[in-house]
Amino acid sequence: GASASGLPEQDPKTAFQILKNELKKYDPLLLKKPTVIVITKADAIADEDMQKFSRTMVDKRKPLVISAVTGQNVDVLVRKLWSLLTADKIPPRRAT
């Protein structure tokens, strides 16, 4: 079915499981990489669906809800991705 916004309705947990299965078929090592779970198009999500998403846990984590149109949480996403990319690459500072 489709929501009032015309977007297909799909439970985020189901969508994530489908994605994980596809990644496993392609390359199981991808499942060992760090992940950020993001729900996009927040600007097009109905208020009642947004309330549901705010309580949803996917893979034992709370998804980050973003909107590229309004900029909602895009800065938070960038910081999360940056910290994942640099976590093992920046050596710790030495005390002087």
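The following exchange goes through the fold, the core, the loops and the confidence of one predicted chain.

Biologist: On what terms should this model be read, and what pLDDT do local features need?

Modeller: Residues are numbered from 1 along each chain as its sequence is written, and side-chain values use heavy atoms, with hydrogens and water left out. Because this is a predicted model, totals for chains, interfaces and linings use all residues, side-chain atom pairs count only at pLDDT 80 or more (pLDDT being the predictor's confidence in each residue, from 0 to 100), and local features need pLDDT of at least 70.

Biologist: In what order do the elements of the chain run from the N terminus on?

Modeller: The chain has 3 helices and 2 strands, where helices (H or I, at least four residues) and strands (E, at least two) are DSSP runs numbered from the N terminus. From the N terminus on, the order of these elements is α-β-α-β-α.

Biologist: Which element of the chain has the highest confidence?

Modeller: The mean pLDDT of the chain is 84, with 83% of its residues at 70 or more. Over residues 1-7 pLDDT stays under 50, and the model has 10 contacts beyond four places in sequence for them, a contact being heavy atoms within 4.5 Å. Among the elements, confidence is lowest in helix α2 (residues 47-55), at a mean of 83, and highest, at 94, in α3.

Biologist: Which residues form the largest nonpolar core?

Modeller: Of the 96 residues of the chain, 19% count as buried, that is, under 20% relative accessible area, with exposed meaning over 50% and partly exposed in between (1.4 Å probe, protein chains only). A nonpolar core is a set of buried Ala, Val, Leu, Ile, Met, Phe, Trp, Tyr and Cys residues joined through side-chain atoms within 4.5 Å. Ile 39, leaving aside neighbours within four places in sequence, is in contact with Pro 12, Ile 45, Phe 53, Pro 63, Leu 64, Val 65 and Ile 66. The largest core has 5 residues, namely Ile 39, Ala 42, Ile 45, Phe 53 and Val 65.

Biologist: Is Pro 63 buried or exposed?

Modeller: Pro 63 lies in the loop between α2 and β2, and, not counting residues up to four places away in sequence, touches Ile 37, Ile 39, Thr 56 and Val 58. Pro 63 and Phe 53 are 10 residues apart in sequence and 8.0 Å apart in space, C-alpha to C-alpha. At 7% relative accessibility, Pro 63 counts as buried.

Biologist: Which backbone nitrogen does the side chain of Ser 67 reach?

Modeller: Ser 67 lies in the loop between β2 (64-65) and α3 (74-86) and is buried, with a relative accessible area of 0%. Leaving aside neighbours within four places in sequence, Ser 67 is in contact with Ala 42, Asp 43, Gln 72 and Val 74. At 3.3 Å, the side chain of Ser 67 reaches the backbone nitrogen of Val 69.

Biologist: What is the relative accessible area of Lys 60?

Modeller: Lys 60 is found in the loop between α2 and β2, and has a positive phi of about 65° although it is not a glycine. Lys 60 is exposed, with a relative accessible area of 79%.

Biologist: What is the relative accessible area of Asn 73?

Modeller: Asn 73 has its place in the loop between β2 and α3, and has a positive phi of about 65° although it is not a glycine. Asn 73 is partly exposed, with a relative accessible area of 26%.

Note on methods: A polar contact is a pair of N or O atoms within 3.5 Å; within protein, one must be able to donate a hydrogen and the other to accept it, and residues adjacent in sequence count only if both atoms are side-chain atoms.
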